[in-house]
Amino acid sequence: MFDHLFSKLQLGNVEIPNRICFLAHRTNFAAKGRLTERHIAYYARRARGGCGLIILGELSIHAGDYPHEHMIEAYNPDSVKDFRRLTTAVHAHGTPIFAQLNHHGFQSSGAITRKEIWGPSAESDIVFGETAKPMEPEDLETLVDAFSAGACTARDGGFDGVEIDMGPESLLRQFLSPLSNHRQDEYGGSLENRMRLPLEVIGGVRKAAGEDFTVGIQLCADERFWGAITPDESRRFAERFAAEGRADFIGVSVGTYYNLYLVLASMHTPLGSTVDVARQIKGAVSIPVMASYQIHSPDMAEGILEEGQADLIGFVRPLICDPDFPLKARQGRQGEIRYCARDNKGCVGRVHLSRTLGCIQNPEVGNEPMDEKPSGAPPFGKKRIMVIGGGPAGLEAARTARERGHEVILYEREALIGGQINLIGKRPGRQAMEAVIRYLGHMLERLQIPIITGREVTADFVFEEHPDAVIVATGSRPKPRPVSGEYGPPCVLNVWEVLKEQFPVGQRVLFIDENGGHHASATAELLADQGKKIDMVTSDLFVGVELAPLGDLHLTRQRLLQKGVTFMPDVVIDRIEGNKAVGHDIYTNARLFLEGYDCIILDMGNVPEDALYFQLKGGVKELYRIGDCVAPRGIDMAVLEGRKAGEML
Amino acid sequence: VSEFIYLFSPLQIGSVVVANRIHFAAHVTNFGEDHQISDRHIHYYRDRARGGCGLMSTEEMTVHPSDHAYEKLVHAYRPEVIPRYKKLTRTIHEYDTRIFAQLSHNGMQADGTISRLPVWGPSSGSDPLFRETCKQMEIEEIRECIEYFAKSAAHAVEGGFDGIELQLGHSSLIRQFLSPATNFREDEYGGSFENRLRFALEVIDAVRKAVGADFTLGVRLNADEMHPRGGLTLEDAKNIAVRLEETGQLDFMDLSLGTFHNLYLVEGSMHTPLAYTVPLASEIRSIIDLPVFCTNRINDPHLAERILEDGHADMIGMVRALICDPELPLKAWEGRTEDIRQCIACNQGCIGRMALGYRLGCIQNPAVGEERDLGIGTLEPCERPKRVVVVGAGPAGLEAARVASLRKHRVILLEKNEEVGGQNIIAGKAAGRQEITGVTRWLMSQVRRLDIELRLGVEANVEMVLQERPDAVVVATGSIPKDKPFPGEYCFPEVVNIHQVLNGEVEAGQRVLLVDLDGHHQATGTAEFLADKGKAVHILTPTLFVGGKLGPLQDLYLARQRLATKGVTFTPDIAVLEIQGTSVKGINVYSNEMMDFEGYDTVVLASGNTAEDGLYFALKGKVKELYRIGDCVAPRKTDMAIVEGHRVGRLL
């Protein structure tokens, strides 16, 4: 049913078996400048899952380019044997693999190298904030040589081709863009001059790696910023790269250093928002064009190919979340695909905090087994297991335990499974999170696990049932009295009471945000959408501190401000009496009286629902506690602990 | 005999005698590899032993897998650490220096993003820095943790350490149990003073059993949490100190203060007073007999001597002082105090880098973390002395001249101004930033005693440089504020840059608008300088808050506090689009709403610098060897100026 998606494609001399490309992306798996076993297992797993092409990123082709600690030093001759191990492991599944060659230019700092960073001009990136040295002519030669050497290393390492990065985080884009290139010499100014260096690089790579080696381009075709690269300009770049550079394919991306939230955009940006740019580039060249990002399902991918908007589809997060996405699509098992929720917390969020790549839904990311056996050996004996709580932790535990052959019953207090995810889904723009429960619910159904809803499990009931093992996954609830004073509903509500619509919310709202994430800001947005006037107060330096690593800060603050929400940072609330709050500015210690509100909403953290666990402790044969009832955290930890408990049984 | 009689007197600490009173105290370095002590660690610590400190403690090493607060933490609970311990302790014992291992569990001052495990705390709650709700430890976990402390201690003994320091200080699970601000347990480990103390006593007891009666064991106690809402006070700490001493199991008491609620007290910058924890040490010392160690902002042997002489403490903890100059003890001993490169507590190279996950460094000492290649004794005289002209006597030029001259090159140093130091001198004029000129003071103290020909008030040009017939030229001409960073019709003296303000080239009017694209002290220090003169200052910045770069330096809280109390007001989120006269047009970067800022007498721009690279390009191709260093390559900070100056000095 996905005839286009699963048709072959020729990229230069390489034939790829289908149109699904696992794009270059950051994993932070590298250690001490080397590719690791973790990389190999991770990519081999995606190859096994059936994608048609893999592109390895994270390479540094020049010692001066070291924006973060976990780069793979492709300029180090030792890297060739690491690459050989990777390419061999991926080729074992019949999957071609390319290496992406990049230099980050001024989207970097010298904090690691202790050297200057390079740029076309003396510009600085808004994240790193370090001014670049405008490259001198010798530096340009060095750069072309570094790309050429990188291509030779890739070829020697067994890669089937290279992709030269001119995407949102690249020095070559910085040269292409009038936003960052203010040079007065032959490498700046006119369109012709701005593409001189990129053309020299393509030429150098071609010459070094040989005519038969596949060389593609990842092109930022629309920077989506004032005075920046537009699709009109990038069509002309693409034409020249294809004609003069004899590039074998062009991957299309969007965004620049001012709006990196567009690059691995979260669920708050529309799906398919990059496809039209790919279509425009495809109209300009006859070589294959790849559309990338914000494409999340096989149906959508098939549609894009069928309509001729692109020849190849680039994925990142969907294959992080479910490596078997291609296989399941080809076999018509789309219902079993674990779809990426585009929450960005497990992947982008972790990587930006310098952690290894992860996924909130797929706890195996970064710990993929090297062999093809599913993780976790089969159990010694079949056990009767009670799972109490049908949030993500309980559902994942039930799924894992059942797949390992145990007999599982799941109990849920509410009428619906899903736990707090059902509350997340009520918030504007957060509905995609329901994918977590859709997948797990579907799997439990397939595994025929009985789910008893609307049942509050007591310790006595558990003892009567005599289970072999009990998994407590009873979640958490908002702190009952996070601030001192005399207060309560309907004037003072917690976020759950608001989302469950247990009390009407007045017109003028004071929202106390000690969460800093979507939990608070999306609830505020929900109320603003209802026409209420919201003042958000936080002791943090700004509203939304948890959103920055996710790439959600900019758009969230934009939406809130445009919906009339106001922000009052630096304020701690000390006391609430009725509908009046007293706080103080944490810098000046000045007391602040916050009055005149119809309603005060508290988002000040949760407490674990651990009573059942402690009642059962010592009374059952095997007892596990997972997710928020251990300590209120995120979905990632709920799913991870659910998986671990399931595998331990 | 040294003038520092007390500082260089030995001290008995348990079964160990240390040669002097200087303790290179525990601190995170990010040098760990594979959760072990690395060769980088060993070279780093060795240089401090060579430099003559009597005692050092390793960085905190964790006792349990539930604590993985930082990626590079050493896993003291794994027996695999022992061989590397041995390599370290053997190296240090080649010198007259003793070395202790610090063992810690960070408890709830951590998150599970590395371990993928729940973090442990005495009660459910979260740390202000890590923000993750911890798991209230179950009784089995408390027992396991005690066992792991003991196990880790045994590894340290086997690894050849002379003693162990248990962390009960600013970042510590044991402190979290001690403190009523974090311990709300209702069992025997919470509630009363006795109950809150129980975990600490059980850990000490188990560790003592593991290490034996003769092994030196102490604690780093939090002398005051200084928590605004009910943490441990000095009085509590005194009670704890007495009780811990009474156990008879401890040999010393090291002190710290603050928590992650007030990290600016833990890692005090130049905006905190020198030796600010000494009164706490003094109080504790007055009630116990154990040797008491004090720390924090003691960067000078005279100050250290005075603290000892006055009986406030028995050991002086120095961290940043010895990061900056490992040979401080030796130089003090030899009476060469002028040669000591004093830490200026700028926090940029050490704490600022650590906070961003980079390896420890120092803005003044480029050898930090690179001791193998750049440490003590690695500077070799050149094979063929060259005639070197260095243009520009800011930090980059001074350091290049110093190193080149030490290597016996013939150096001529030209400076355009009548004084040396470049922007370092201007930086010292901002409010509270005077100490930063210590960079220039030390470099000049060295340049003066070397055979360097310094010519002041000389603006170099190509002809002048060529007339010197140099073998090599080093261009270190620095940078200047951007001439016209925004579009519009505006000019001096209504619109000025921060250099013009700090140099006194202009007297700002009463109402000042400061445009801050810097986020660093340049902007906030200038705002404070103006506020101190009674001006009404308003700061505009496109970033989320004023002081965006101050967080990692632990200068954010106090800087914002000083500004706010001095009446400075802030508008964040505003990008300036144009300036007309003194009217500034901005746009809110989130809402895209346009805003005009009017009615100001003076607009001050902290909008970045432009490299002064004219001379470099004019000389390029005209001299045999040409180098460019510091801000004239790309305007950055002092650390890079000195790194590049040092590198060129060695390269010549």
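**Figure 1. E186(A) is a partly exposed residue in a patch of negative charge.** In this predicted model, E186(A) has a relative accessible area of 44%, so it counts as partly exposed. Its place is the loop of chain A between α4 (171–176) and α5 (191–194). E186(A) does not stand alone: E141(A), D145(A) and E200(A) gather with it on the surface, and the patch they form is negative.

**Figure 2. Y258(A) helps to make a nonpolar surface patch.** I126(A) and V127(A) are its partners, and the patch covers about 280 Å². Y258(A) sits in the loop that runs from β12 (249–254) to α8 (275–282) in chain A. Its relative accessible area is 31%, which makes Y258(A) partly exposed.

**Figure 3. Strand β11 of chain A is enclosed and has a parallel partner in both β10(A) and β12(A).** The strand spans residues 214–222. Nine of its nine residues are buried, so the rest of the structure largely encloses it. Strand β10 (residues 161–166) pairs with β11(A) in the parallel sense, over six bridges. Look for G161(A), which stands opposite T214(A) in β11(A). Six bridges also join β11(A) to β12(A), and these two strands run parallel. Here Q218(A) stands opposite G251(A) in β12(A). In a regular strand, side chains alternate between the two faces of the sheet.

**Figure 4. A salt bridge joins K563(A) and D529(A).** The two side chains meet at 3.0 Å, N to O. K563(A) lies in the loop between α19 (553–562) and β23 (566–568), while D529(A) belongs to helix α18 (residues 518–529), so the pair ties together parts of chain A that are 34 residues apart in sequence. K563(A) is partly exposed, at 32% relative accessibility. D529(A) is also partly exposed, at 44%. Over all chains, the count comes to 101 salt bridges.

**Figure 5. K533(A) and D535(A) form a salt bridge.** Their closest N and O atoms are 3.3 Å apart. Which side of the pair is buried? D535(A) is, with a relative accessible area of 16%. K533(A) is partly exposed, at 37%.

**Figure 6. In chain B, D251(B) and R208(B) form a salt bridge.** The closest N and O atoms are 3.1 Å apart. This pair links distant parts of the chain, 43 residues apart: D251(B) is in the loop between α6 (234–246) and β11 (252–256), and R208(B) is in helix α5 (residues 193–211). Both residues, D251(B) and R208(B), are buried.

**Figure 7. A network of salt bridges includes residues of chain A and chain B.** From chain A come E116(A), K133(A), E136(A), E138(A) and D139(A). From chain B come K620(B) and R628(B).

**Figure 8. Cis peptide bonds occur at P490(A) and P493(B)**. In chain A, the bond joins P489(A) and P490(A), with omega about 5°. P490(A) is in the loop between β19 (476–478) and β20 (492–494). In chain B, the bond joins F492(B) and P493(B), and omega is about 0°. P493(B) is in the loop between β18 (479–481) and β19 (495–497).

**Figure 9. A275(B) and R297(B) have positive phi angles**. A275(B) is not a glycine, yet its phi is about 50°. It lies in the loop between α7 (263–266) and α8 (278–285) of chain B. At 11% relative accessibility, A275(B) is buried. R297(B) is not a glycine either, and its phi is about 60°. Its loop runs between β12 (292–294) and α9 (301–309) of chain B. R297(B) is buried, at 8% relative accessibility.

Definitions and conventions:
Residues numbered from 1 in each chain as written. Chains lettered and ligands numbered in written order. Predicted model: local features only at pLDDT ≥ 70, side-chain atom pairs only at ≥ 80, totals over all residues. Heavy atoms only, no water. Patch = residues over 30% accessible without salt bridge, like charges linked within 9 Å, V, L, I, M, F, W, Y side chains within 5 Å. Areas by Shrake-Rupley, 256 points an atom, 1.4 Å probe, with all protein chains shown as cover. Salt bridge = Lys/Arg side-chain N within 4 Å of Asp/Glu carboxyl O. Lys, Arg positive; Asp, Glu negative; His and termini not counted. Charge placed at Lys NZ, Arg CZ, Asp CG, Glu CD. Helix = DSSP H or I, 4+ residues; strand = E, 2+ residues; numbered from the N terminus. Buried < 20%, exposed > 50% of the residue type's maximum accessible area, 1.4 Å probe, protein only. Pairing = 2+ DSSP bridges.
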